[in-house]
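Thanks for making time this morning. I would like to walk you through the ligand site and the pocket that surrounds it.

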Amino acid sequence: MSANLKGKHIILGITGGIAAYKSVMLLRLLIKAGAEVQVVITPNGKEFITPVTLSALSGKPVVSEFFSANTGEWHSHVDLGLWADAMVVAPATASSIAKMANGVADNMLITTYLSAKAPVFIAPAMDLDMMAHPSTTRNLELLRSYGNHIIEAASGELASHLTGKGRMEEPEKIVEVLDRFFAKGSSLRGKRVMITAGPTIERIDPVRYIGNFSTGKMGYALAEEAASRGAEVILVSGPVAIEARTPGIKVVKVESALEMLAACKEAFKDSDIAIMAAAVADYRPANPHDHKIKREHEGIDNIELIKNPDIAAALGAEKRDGQKLVGFALETDHALENGGEKLSRKNLDMIVVNSLADKGAGFGTDTNKVTLLFREGRAPESFPLKSKTAVASDILEAILSL
Ligand code: C5P
């Protein structure tokens, strides 16, 4: 059952598609699950389903215009956006998807969408050719990049009597998606999670550095996933090209291993969980120059290096009862053996082992294939190749089980 929807404030956005008739069932199921639902409908939506039905079922007047026709009262999309725990747009037509993706705020539903601080779920419904058009694909991609959740359309018979992808997902399924989201959403509430991500870069001189190929994707995926489970996240990040999107993530930008160490020691003090996903440079130049080294006169064929501190091990030595410390081990061979050795040497509670020998695992990819190793008595857990987001979810579930 959908126990996690009880008391939740949901905005149900309805746009002008045949599938709007299914929104009535969706509304009924949400109300039955104990949610408080405010329907916002587009002018076209009203051609398909009447506000009277919707307000009778939701127990609230349906919002459609910027002003109430009777009283002249202004409907505040800002207040609505703040009230909501989630917004669901179902059905979402090609046109509304395009407007949401591009901020075309010409009706109450789109202004509400733009004001919504809560997570947004979008269930597209349209004919198969519209669904497959590059314009729709691009707009959905944009919405995904804003952190919105797309509830993929199903395949089957469409209103046009053609068969293909474009059917709005069934109301029961949409309720399931929301229920799962809220169940997960509170699993790290009240916890402070510190995560390191990306490479560190070690200056040789003002223009040159020693670095590595880490893109930060795994660490950022962990931060997004932890934040969406309600954690307060401190993401200590080396230089990367990506950004954290989910509210609740505080990013501390660092460059070198020494800077990362200082930021981690500070953040670890009041953290419940620390996950070390950064690829810290093993060495740094012993004497970084403050001017550009002249190749011709000074030469750069001999750079003296000194070892960087092991940040994970430093936190492992300071770890208090109740704090959980998790590391990564990126190996090319003897992955499990080496991972196990690091687990005990660095005083970790769990280590995520990935092997560069596995296709799709490691640096730069959007996927990863991991094995989790635990302390004495618990058997390793291996997972198949998955998106880094899904891997992040598996890792956090495992941490919660420690
Ligand atoms: O020893 P190795 O570099 O393989 O260990 C990997 C794990 O230790 C990762 O969790 C990494 O983030 C962490 N680490 C660290 N500081 C270092 C080296 C590694 O925190 N100097």
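**The ligand and its pocket**

Helix H11 (311-318) and strand S16 (324-331) each supply at least two residues of the shell around the ligand, where helices (H or I, at least four residues) and strands (E, at least two) are DSSP runs numbered from the N terminus. Please keep in mind that this is a predicted model, in which local features need pLDDT of at least 70, side-chain atom pairs count only at pLDDT 80 or more, and totals for chains, interfaces and linings use all residues. Residues are numbered from 1 along each chain as its sequence is written, and side-chain values use heavy atoms, with hydrogens and water left out.

The residues around the ligand, meaning those with a heavy atom within 4 Å of it, include Met276, Ala312, Phe328 and Lys342. By class, this shell has 7 nonpolar, 1 polar and 3 charged residues, counting Ala, Val, Leu, Ile, Met, Phe, Trp, Tyr, Cys and Pro as nonpolar, Asp, Glu, Lys and Arg as charged, and the others, Gly among them, as polar.

Turning to individual distances, an N or O atom in the side chain of lysine 342 is 2.4 Å from an oxygen atom of the ligand, while a backbone N or O atom of methionine 276 lies 2.6 Å from a ligand oxygen, and a polar backbone atom of alanine 312 is 2.8 Å from a ligand oxygen. Of the 450 Å² of accessible area that the ligand has on its own, the protein covers 86%, by the Shrake-Rupley method with a 1.4 Å probe.

Conventions
A polar contact is a pair of N or O atoms within 3.5 Å; within protein, one must be able to donate a hydrogen and the other to accept it, and residues adjacent in sequence count only if both atoms are side-chain atoms.
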